[in-house]
Amino acid sequence: MMAYKEASPSAWEAAATAKRQAILNAIPAKWRIHDPLPHCTEVRDVTGNYIRRLLTTREIEITETDAVGIIEQTTSGNWTAVEVAEAFCHRAALAHQFVSCLHEVFFEAAIETARQLDAYFVKNKKPMGPLHGLPVSLKDQFHVRGIETTMGYVGWIGTFEGQKEDPRKGVAESELVRELWNLGAILYCKTSVPVTLMSGETANHIIQYTSNPRNRHLSSGGSSGGEGALIALRGSPAGFGTDIGGSIRVPAAFNGVYGLRPSSGRLPYEGAANTMDGQNTILSVVGPMATTPRSLRLLLKAIISQEPWNYDPLALELPWRDVLESKTRKLIWQSGTSKSLAFAIMRHDGVVQPHPPVKRALYMIEQTLRRQGHKVIDWNPPSHEKANELAHKAYNLDGGADLLSHLALSGETPIAQCLTKAGDHMNAAEIAKLNVEKRQYQKAYLDYWRSTVALTDTGRPVDGLFCAVAPHAAVIPGQYRHVGYTTFVNVLDYPSVAIPVTYADKEVDPKESRTDFLSEKDKEIFSDYDPEIYDGAPVGLQLVGQRLQEERLLALAEYVSEVL
């Protein structure tokens, strides 16, 4: 019998494998796991006690404290920056070995930064800044000096955004990163993203696939999927992602953490890598992700205090508004709990009905708000199908040319989860027409929101809108079929906070019998639901507010999280 020689890997496959190994090699030997991870059928959830067994009691105490609690300890001198940094570096190292959530590891540099922070505190008897000693993780779009950025593209390995020479003449640091250094934060890792960024799952040829740490049968979401998974495993207390179609809110909801998609201009994007750079119909925005809503507030307020509008031409000169926040908190508690606020519930988007666990989460929110005495109305807005259409056109203005060009740098093959199909370019007249249609849609939605003053009994339109982030909980790999629950927010440029609500439960959330399908896509997504597979998956919702009302929205999110 003739022996067949196995084909050798291509150059891009070899480069991806080498980079994957380099990430592991950057993890100190003392934190490496040598026993193979059990299959997800044996160990579904690697959070909680599963990861704690590999940590000391002190490391658990530090890493399971939220960002605000950590700052209280580091800025008072009770905890050193070094012990905090080491604890999170260790837990992040374990997290990556469990679910493949890191693209870059620079633990030694982080611990050296922590030493410098401790020395500053001892010498000056005060913290470096409001984030003194806080480890902050970053989605792999942000440039950190001396650290590579691949964004999952094999062709970016060893280059600056795919170019052999840095076109910015050595200035390879994002504005957000500069501000975090100034605030006293400790940067220690960059987290995984889907190649091209345009996906609700996180997959690329370098790290392969980032699984959901609470249910490894499922996805961590995308495109800030590594960030969501790392925070869920408490390998980070807080970090930053980006969102152009749901990329903060989806992984936050899928992983049971909090994430804020602010309106464009509140946080600096200057100097961050991106795909489809120059597409301005729907802007990608930077936003925080964390274990608590008060941690989101901490990060947002800290970055705004750096006055990013002086360094980013697209950042708005809009300081943190304590007045707006305090006014909202007063509304929350005035007159006891009797109808002090009004909320809307969108039960479905007119295109796809949510799965049973998501429907239950909406019911839980509604009942909680009603018990607190607040008015709850149904939401019947302008067509969300129209919003989906506008978003799809915006994401494909160049017919996928930019996305495909980055894949072509190495010759790597597209990954099924990522939207990289070639199509026709839109011309200037078509883009102008799209922008007019978007503006008209924004106006129609604004008018609808304001019209709800007739239904709220508060003298104001609804204070916030609750709806799904996706029709499903953390999705089965390859089955993310509908982005409409998040993209409408990007079309409107409204702020939105993803809030954890519950977990899928195969006993409580059986498969329904349905014939009332809204669309063929609705029927297909309905057939995807498997109570056994989804069991244990986090279920989150989003609370949407009006444009540039982040202070108000975060106060509401904190309140809702408390009463839940």
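**The sheet.** Start with the strands of this predicted model. Select the open sheet: 11 strands, mixed pairing, in the order 1-3-2-6-8-7-12-13-11-9-10. Now go to its edges. Strand 1 (102-105) and strand 10 (375-378) each have a single partner strand, so one side of each lacks a neighbour in the sheet. Check the twist as well: neighbouring strands are turned by 30 degrees against each other on average, direction ignored.

**One strand pair.** Select residues 238-243 and 285-290, which are strand 6 and strand 8. They run antiparallel, joined by 6 bridges. For one bridge, pick Ala 238; its partner in strand 8 is Ala 290.

**Helices on the sheet.** Show helix 17, residues 484-492. Helix 17 packs on the sheet and touches strands 6, 7 (258-261), 11 (464-468), 12 (496-503) and 13 (538-544). Its direction makes about 25 degrees with that of strand 13. Next, select helix 5, residues 81-99. Helix 5 lies across strand 1, strand 2 (135-139) and strand 3 (186-191), at about 10 degrees to strand 3.

**Cavities.** Turn to the interior spaces. There are 3 cavities of 30 Å³ or more. The largest has a volume of about 70 Å³. Select Leu 197, Thr 242, Ile 244, Asn 274 and Ser 284: of its 14 lining residues, these are the closest to the centre. The lining has 5 nonpolar, 7 polar and 2 charged residues.

Move to the second largest cavity, about 50 Å³. Its lining residues include Phe 254, Val 358, His 472 and Pro 538. Helix 9 (249-255) and strand 13 each give two or more residues to this lining. Strand 13 supplies the largest share, 3 residues. Colour by class: 9 nonpolar, 2 polar, no charged residues.

Definitions and conventions. Residues are numbered from 1 along each chain as its sequence is written. This is a predicted model: local features need pLDDT of at least 70, side-chain atom pairs count only at pLDDT 80 or more; totals for chains, interfaces and linings use all residues. Side-chain values use heavy atoms; hydrogens and water are left out. Two strands pair if DSSP finds at least two bridges between them. Helices (H or I, at least four residues) and strands (E, at least two) are DSSP runs, numbered from the N terminus. Axes are lines fitted to C-alpha atoms, for helices over the stretch in contact, and angles run from 0 to 180 degrees between N-to-C directions. Contact means heavy atoms within 4.5 Å. On a 1 Å grid over the protein atoms alone, a cavity is a set of points where a 1.4 Å probe fits but cannot get out, and a pocket is an open set with protein on both sides within 12 Å along at least five of seven lines; lining residues have an atom within 4 Å of a point. Grid points are joined across faces, edges and corners, and a volume is the space filled by probe spheres set on the points. Ala, Val, Leu, Ile, Met, Phe, Trp, Tyr, Cys and Pro count as nonpolar, Asp, Glu, Lys and Arg as charged, and the others, Gly among them, as polar.
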